[in-house]
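Visitor: Could you walk me through this model and tell me how its labels are earned?
Guide: Gladly, so let us look at it together.

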Amino acid sequence: NLENYKKDKNYKFIKININNTKKLIKIFKKYKPVGIFNLAAHTHVDRSIESPKSFIDNNILATFSLLEALRSYSKINKNYRLVHVSTDEIFGDISKGSVSENFQTNPSSPYAATKAASSHLVGSYIRTFKIKALIVNPTNNYGPKQHPEKLIPKIILNILNDKRLPIYGKGKNKREWTFVLDNCVAIFQVFKKGKIGETYNIGSGEIVSNIEICRLLMNISKKKK
């Protein structure tokens, strides 16, 4: 996914486990980042039901490690901002309409619960240790190079390979969908203009049921043949 940026002088890829606080601190001190975006997370609801522990390790403990590294880094450099990327899943099932940033969290899966916990952890570090951070809650993303376990790419792949389409129940579950590049623009705007300590919901207003997504993709595939 990052092949096009390998030779960019402003690009550096470092592969580490962010649960390693000491390595994170070394990286922060060496490169002195002004913008830190935490998008690292396990994100699949079904897998969180099958294996909750890995979600606790990656979504809660890894966020704790990052915050501890920032607590150390902030002693030598105050010129930084952390944008912690959470999810609208933390609000649970919404019967109608949209929710505000102050809506009560009510996660309905281990994945959503770990994301809610990590957001609360970030909020506590903002208040207790004065970490300069903001939180965003995007809706479901879709777009190029998305992992094939996600709904839209999975349906597309199954259509292309003449396989059954995986729909939970009757497919009436509705989700709000945001194109990935629009989401990235919104996150960057929060980084540039957001207020430290604030939480921002990111949405598109495009609320569609899973069965509608399937029908739409099937119709598109018919037109392409």
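Visitor: What makes the span of helix H4 close to the expected one?
Guide: H4 covers residues 110-129, which is 20 residues, and reaches 27 Å from its first C-alpha to its last. The expected span of a helix is 1.5 Å times one less than its number of residues, and for H4 that is 28 Å, close to the 27 Å found. The name H4 comes from DSSP runs numbered from the N terminus: helices (H or I) need at least four residues, strands (E) at least two.

Guide: A word on the source: this is a predicted model, where local features need pLDDT of at least 70 and side-chain atom pairs count only at pLDDT 80 or more, while totals for chains, interfaces and linings use all residues. Residues are numbered from 1 along each chain as its sequence is written, and side-chain values use heavy atoms, leaving out hydrogens and water.

Visitor: Which elements do the buried residues of H4 pack against?
Guide: They pack against helix H2 (45-50), helix H3 (52-73), strand E2 (81-85) and strand E3 (133-138); contact means heavy atoms within 4.5 Å. Among the buried residues of H4 are Tyr 111, Val 122 and Ile 126.

Visitor: How do you know that E2 and E3 pair?
Guide: Two strands pair if DSSP finds at least two bridges between them, and E2 and E3 have 4 bridges, in the parallel sense. One bridge joins Val 85 to its partner Val 136 in E3. H4 packs on the sheet there, touching E2 and E3.

Visitor: Why is the link between Lys 53 and Asp 57 called a salt bridge?
Guide: A salt bridge is a side-chain nitrogen of Lys or Arg within 4 Å of a carboxyl oxygen of Asp or Glu. The closest N and O atoms of Lys 53 and Asp 57 are 2.9 Å apart, so the pair qualifies. Both residues lie in helix H3, 4 residues apart, about one turn of the helix.

Visitor: Why is Lys 53 called exposed, and what is Asp 57 called?
Guide: Buried means under 20% relative accessible area, exposed over 50%, and partly exposed in between (1.4 Å probe, protein chains only). Lys 53 has 57%, so it counts as exposed, whereas Asp 57, at 24%, counts as partly exposed.

Visitor: What makes Glu 68 and Arg 71 a salt bridge?
Guide: Their closest N and O atoms are 3.1 Å apart, which meets the cut-off already given.

How values were computed: Axes fitted to C-alpha atoms, helices over the stretch in contact; angles between N-to-C directions.
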